[in-house]
Amino acid sequence: MRVLLRLSAGLIGWTVAFCLIYALHGLGCAGAWDASRFRWAMLVAWGISIAATLGVALWLTRRRRTGLDRAAAALGWVGLAATIITFIPIAIVPACA
Amino acid sequence: MSALKLHYQLHAIWRTEPGWRGHLRSVNHSDMGKRFIVAAFVFFAIGGVLAMLIRAQLATPRSAFVGPEVYNQLFTMHGSIMMFLFAIPMFEGLTMYLLPKMLGSRDLALPRLSALGWWCYLFGGTIIIVAMLAGVAPDAGWFLYPPLSGKTYTPGINSDVWLLGITFVEISAMCAAIEITVTILKLRAAGMSLDKMPIFAWYMLATAGMMVFGFPPLILGSILLEVERAFGWPFYTPELGGSPLLWQHLFWLFGHPEVYIIFLPAAGAVSTILPVMARTRLLAHGAIVAAIMALAFLSFGLWVHHMFTTGIPHMALGFFSAASALVAVPTAVQVFAWIGTLWQGRPDLKLPMLYLIGFFIVFVIGGLTGVMLAMVPFDAQAHDTAFVTAHLHYVLVGGFVFPMLAAAYYWLPHITGRERVLQVGEAAFWLIFIGFNMTFFLMHLTGLLGMPRRIDTYPEEMGWTWLNLLSSVGAFLQAFGFALVVIDVLLQIRLGRMHRRNPWRATTLEWAMPIPSPTYNFASLPVVASRDPLADDPDLGVALARGDGLLANGRSGWRETIAVDMTSGTPEHVAILPGNSWWPILTAAMLGGFFLAMLAGLYVVAPVFVVAVVGLGWCWAWSNGIRIDVGPVPIGNGLSLPTSFEAVRTTGWWGSVFALCASATLFTALIFGYVFLWTIAPNWPPPALIAPSLAGPLLGVAGAAAAVVGSRSGRRTLGLAGQLAIVAAMVWLLAAAPSPSSHAYGATSAMLAAYAIFHAALAAIMYAFLIARARAGFHSQARDGETRIVRLWSDHAAGAGIAVIALLALPGWLA
Ligand SMILES: [Cu+2]
């Protein structure tokens, strides 16, 4: 079970970030939060997600004994890349238009 | 013991009974796999006939062949049948048949569960087809969007047929998902660590995992829509605080992963067959495993790309666009690995290879048109035209049907034990390949000329006539091709010469047995040291048949196979699997009764069937277990292991874990629905909230605490009382809630409470079962597997109870 968890860890990080940021976005728009504060909240959430998935990727990279460990490490970096790329709209698109 | 005597002993234990008893009672995975495959092909043929009728209608302008009412049923049923009754059951069948053989096991982990799934599939599919013949088939599109599918616009039972029939069939998909996951994780050959597992098992592990998390949102959506239609609870009605968008979210939360749930098994077949055809090994095994995992996760982050025109803010659309683009990367990784494998090998143009080439061509074209559709300006033009229909057929037929045909021709010798006769298969391939491209390549052009999807007729002046006529001719060519495939298979069964073992010189374990395979697969179980056991020892099959492996005996008449440690593949215990049984078919029949009663609107009769299902479940569970301690038993090679009667974590325990994962996903989707409606839907906040009170919530929390303590300390009566207290607390809260039909708030609250009541009641019944079993002598210090399983269900019920109390009581307190 541990190997499977390590294989999934990076992408679980992305999944959790995706759910939280999408929920935050939905709540913010529905509640008509103050635009600039909302934007900052989104940016902070994105930053925390990137830091967290980076941490996971580094942690997975430390251990590379078997082929599956190496796959897990690669997937850690995939999780980080996905977290960066998926939420680029936060930086460039107006929040609730 | 001589090889022949061993065979007779094992055959007596594992055999399917002759005649009708065998048909009704068998739980053997080879039987189940073959039945799923044959039934799925029959449904494919029915779906194909519907496609022919659609093409006949569209062949000429102003066609009077069928009217719009029938035409709507035709395309709805074509889509629904191909998705739910063909594609999913087809790969389930292939997997059920192959997986234990590939992993070096004698059967699937939970054989009676797969039998239950089979009967649910057969009964559910039959209900849908009979409804179609009776002229009341679903007609609101395969995605059944409300409000079109709601009571106002579809007053008949057409939508109910879809909701109830498909949900019934989904039970079989959930059974298969749990079954496949547990089998891959626990029932492997000794020494088969995760990284020595055949690549097909990785694909199926990801697929089954996706099914565990992907299907519950659809099942929930269907339950809510059916409850709205039957009892008027307004989940999707905006006037009363519902929202049709909730259906779209729940449907596509399933619907997009579904595309990959279908694609991954097919890709697994490609990754297995291609290296054998190219006489080499699969390139970049680790990268492919990583790509599979990435696909399994990323494909859940795209569902909203089916809802781009529903007014969701642009930033959120951006998230889903980016994820949609990302998901192409792992697919590309696989395609490059396949090309590299072909490059390094010496491909042999046998029939399976021909289908793989067909797959490459069609799938790549489908991918390219997908990229075209991902360009927003192009999509705005092509949206809802025949171009999209053409694209999705290139992806689905290219990505699923062609690989499955390759798989069929690759593994048919295993099933029939015979060689192909003549060159009928090659002729069939060319008919299918040319016919398919003729139909759907031209449809791209018709789409670009502006022909919309789902129209039943068009005027001559549009200039679509010739393209449509040629498309229809292509469709009929394709149909002839599939008919030839059937003829080819029948010829092979009837006239083919007996085949030698391992005709393709493959390296995976399913070829280390006589073909057609005996019911028990292996006379003795292999110990493997690499990913290609048959390359290490080409005569492995003979040695195993001689009894040189593990568990080479038929002691006590038990169906035995080895359960291993998940990661390392070290043997852990001897799994004693259940034999042929009436319980699966009886349970499926009672479930069928429930669904039919709901369909007929006999809401008073339906609960009777629920009671029957509970009673049958009790008897079913009672038929397992043993009243004496067995202790460790020898497995060969001087090793001894405990049996599953005395194991710590049995396959049943793991099955419960994944069943609860699925249930927790459904619960999460329900909470999502509650929060979604509260924040997004019109006409909120509701006119009245649940009045704040202390007694109800306290009773529930105390019950949950009692359940947790009871399950841990072995005080079963305390656990039982705790679960009943949770039920009582829920009833208390519901009594204080506004009526479910008055507003979506009341409806979702009632649904949340119903979820908690269902699980608490189930756990209470399980405690009652434990008490009875302990009295009957089924438990001992060593034999406490049932207690461990009940603890899982009891803890889940307690947790769900507390979550529901918080969700229901907090708004009233905060307001
Ligand atoms: Cu999609």
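This is a dialogue on reading a predicted model of two chains, A and B.

Trainee: Which conventions apply here?

Mentor: Residues are numbered from 1 along each chain as its sequence is written, and chains are lettered from A and ligands numbered from 1 in the order in which they are written. The model is predicted, with local features needing pLDDT of at least 70, side-chain atom pairs counting only at pLDDT 80 or more, and totals for chains, interfaces and linings using all residues, while side-chain values use heavy atoms and leave out hydrogens and water.

Trainee: What is the secondary structure of chain A?

Mentor: Helices (H or I, at least four residues) and strands (E, at least two) are DSSP runs, numbered from the N terminus. Chain A has four helices and zero strands, in the order α-α-α-α along the sequence. Its C-alpha atoms fill a box of roughly 50 × 20 × 15 Å along the principal axes. For chain B the result is 25 helices and four strands.

Trainee: How does the radius of gyration of chain B agree with that of a compact globule?

Mentor: The radius is taken over C-alpha atoms, and the globule rule is 2.2 Å times the number of residues to the power 0.38. For 815 residues a compact globule would have a value near 28 Å, and chain B, at 27 Å, agrees with this. The box that holds the C-alpha atoms of chain B is roughly 80 × 75 × 45 Å along the principal axes.

Trainee: What share of each chain is buried?

Mentor: Buried means under 20% relative accessible area, exposed over 50%, and partly exposed in between (1.4 Å probe, protein chains only). By that rule 60% of the 815 residues of chain B are buried; in chain A, 40% of the 97 residues are.

Trainee: Take Pro352(B): is this residue buried or exposed?

Mentor: Pro352(B) has a relative accessible area of 1%, so the residue counts as buried. Its place is in helix 12 of chain B, residues 351-374. Contact means heavy atoms within 4.5 Å. Beyond its neighbours within four places in sequence, Pro352(B) is in contact with several residues, among them Ile273(B), Tyr410(B) and Trp504(B).

Trainee: And which residues does Gln248(B) touch?

Mentor: Not counting residues up to four places away in sequence, Gln248(B) touches Tyr145(B), Met307(B) and Thr310(B). Gln248(B) lies in helix 8 of chain B, residues 244-277, and is buried at a relative accessible area of 11%.

Trainee: How is the size of an interface given?

Mentor: Often as the accessible area lost when the parts come together. Here buried area uses a 1.4 Å probe and is summed over both parts. Between chain B and chain A the area is about 2700 Å², with carbon and sulfur atoms giving 86%. Phe297(B), Met315(B) and Phe319(B) supply 28% of what chain B buries against chain A, more than any other three residues. In contacts, 30 residues of chain B meet 33 residues of chain A.

Trainee: How many salt bridges are there between chain B and chain A?

Mentor: A salt bridge is a side-chain nitrogen of Lys or Arg within 4 Å of a carboxyl oxygen of Asp or Glu. The count between chain B and chain A is zero.

Trainee: Which helix of chain B gives the most to the side that touches chain A?

Mentor: Helix 10 of chain B does, with nine residues.

Definitions and conventions
Buried area is the accessible area (1.4 Å probe) that two parts lose on being put together, summed over both.
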